[in-house]
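Reader: I would like to learn how to read side-chain contacts in a structure. Please take the features one at a time.

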Amino acid sequence: NIPVLAKEEDAADAFATVLLIEYFEQGQEIAISAADLFRLESHDIVHFETSDFSGEHSLDIQRYYSTLCKVYGSAPKQYAHLIKDNAFSPERAELCIEDYEYISQSWLNVLEPYIKK
């Protein structure tokens, strides 16, 4: 009964990334490994079809960048190399910090009644 206010798969990706970062030792590294799988899957597409854009999932390459953005936003100094290595603009890097703060607080607020202390 948790509300989903975006594409279900994008919400699931955000949820998983926040949980990894907030509750698991080395969670950021696990999230980066998951992002790397999205990047590898994106190499399978040589030419995009209309169905690639109209599906229920974001493109794998979008999922890759979105996950890296969240990891960077959770610890900008520690993960500054992600921004540099993946050519994020300075403006987008700043938004990653704001986005992670917003998305993590949103998920933690929604999940508060379900999380055991």
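Reader: Is Arg92 buried, partly exposed or exposed, and what is its relative accessible area?

Author: This is a predicted model, and the values below are computed from it. Arg92 is partly exposed, because its relative accessible area is 31% and the partly exposed class lies between 20% and 50%.

Reader: Which side chain does Arg92 meet in a salt bridge?

Author: The general idea is that side chains of opposite charge can pair when their charged atoms come close. Here, the side chain of Arg92 meets that of Asp99, with 3.0 Å from N to O. Asp99 counts as partly exposed, at 35% relative accessibility.

Reader: How many salt bridges does a search of the whole structure find?

Author: The search finds three. One of them joins Arg63 to Asp13, and the closest N and O atoms of this pair are 2.7 Å apart. This pair links distant parts of the chain: Arg63 belongs to helix 4 (residues 60-74) and Asp13 to helix 1 (residues 8-23), with their positions 50 residues apart.

Reader: Does Arg63 count as buried or exposed, and what about Asp13, buried or exposed?

Author: Arg63 counts as buried because its relative accessibility is 12%, under the cut-off of 20%. Asp13 counts as buried too, at 16%.

Reader: Which residue forms a salt bridge with Arg39, and how are the two separated in helix 2?

Author: The partner of Arg39 is Asp36, and their closest N and O atoms are 3.9 Å apart. A salt bridge requires a nitrogen-oxygen distance within 4 Å, so this pair qualifies. Arg39 and Asp36 are three residues apart in helix 2 (residues 27-42), so about one helical turn separates them. Arg39 is partly exposed at 29% relative accessible area, and Asp36 counts as partly exposed at 27%.

Reader: Now the rings. How many aromatic pairs does the structure hold?

Author: A pair of aromatic rings is described by the distance of the centres and the angle of the planes. The structure holds four aromatic pairs. Among them is the pair of Tyr64 and Tyr65: the ring centres are 5.0 Å apart and the planes stand at 70°, so the pair is edge-to-face. Tyr64 is buried, with a relative accessible area of 6%, whereas Tyr65 counts as partly exposed at 34%.

Reader: How far apart are the ring centres of Tyr65 and Phe88, and at what angle are their planes?

Author: The centres of Tyr65 and Phe88 are 5.7 Å apart and the planes are at 70°, so this pair is edge-to-face. The pair links distant parts of the chain, since Tyr65 sits in helix 4 and Phe88 in the loop between helix 5 (80-85) and helix 6, 23 residues apart. Phe88 is buried, with a relative accessible area of 14%. Tyr64, Tyr65 and Phe88 form one aromatic cluster.

Reader: Last, the surface. Which residues form a nonpolar patch there?

Author: The patch consists of Ile2, Val110 and Tyr114, with about 270 Å² of accessible area together. Val110 is located in helix 6 (residues 90-111). Val110 is partly exposed at 33% relative accessible area, so this residue passes the patch cut-off of over 30%.

Methods:
Residues numbered from 1 in each chain as written. Predicted model: local features only at pLDDT ≥ 70, side-chain atom pairs only at ≥ 80, totals over all residues. Heavy atoms only, no water. Patch = residues over 30% accessible without salt bridge, like charges linked within 9 Å, V, L, I, M, F, W, Y side chains within 5 Å. Areas by Shrake-Rupley, 256 points an atom, 1.4 Å probe, with all protein chains shown as cover. Helix = DSSP H or I, 4+ residues; strand = E, 2+ residues; numbered from the N terminus. Buried < 20%, exposed > 50% of the residue type's maximum accessible area, 1.4 Å probe, protein only. Phe/Tyr/Trp six-rings, centres within 6.5 Å; stacked < 30°, edge-to-face > 60°.
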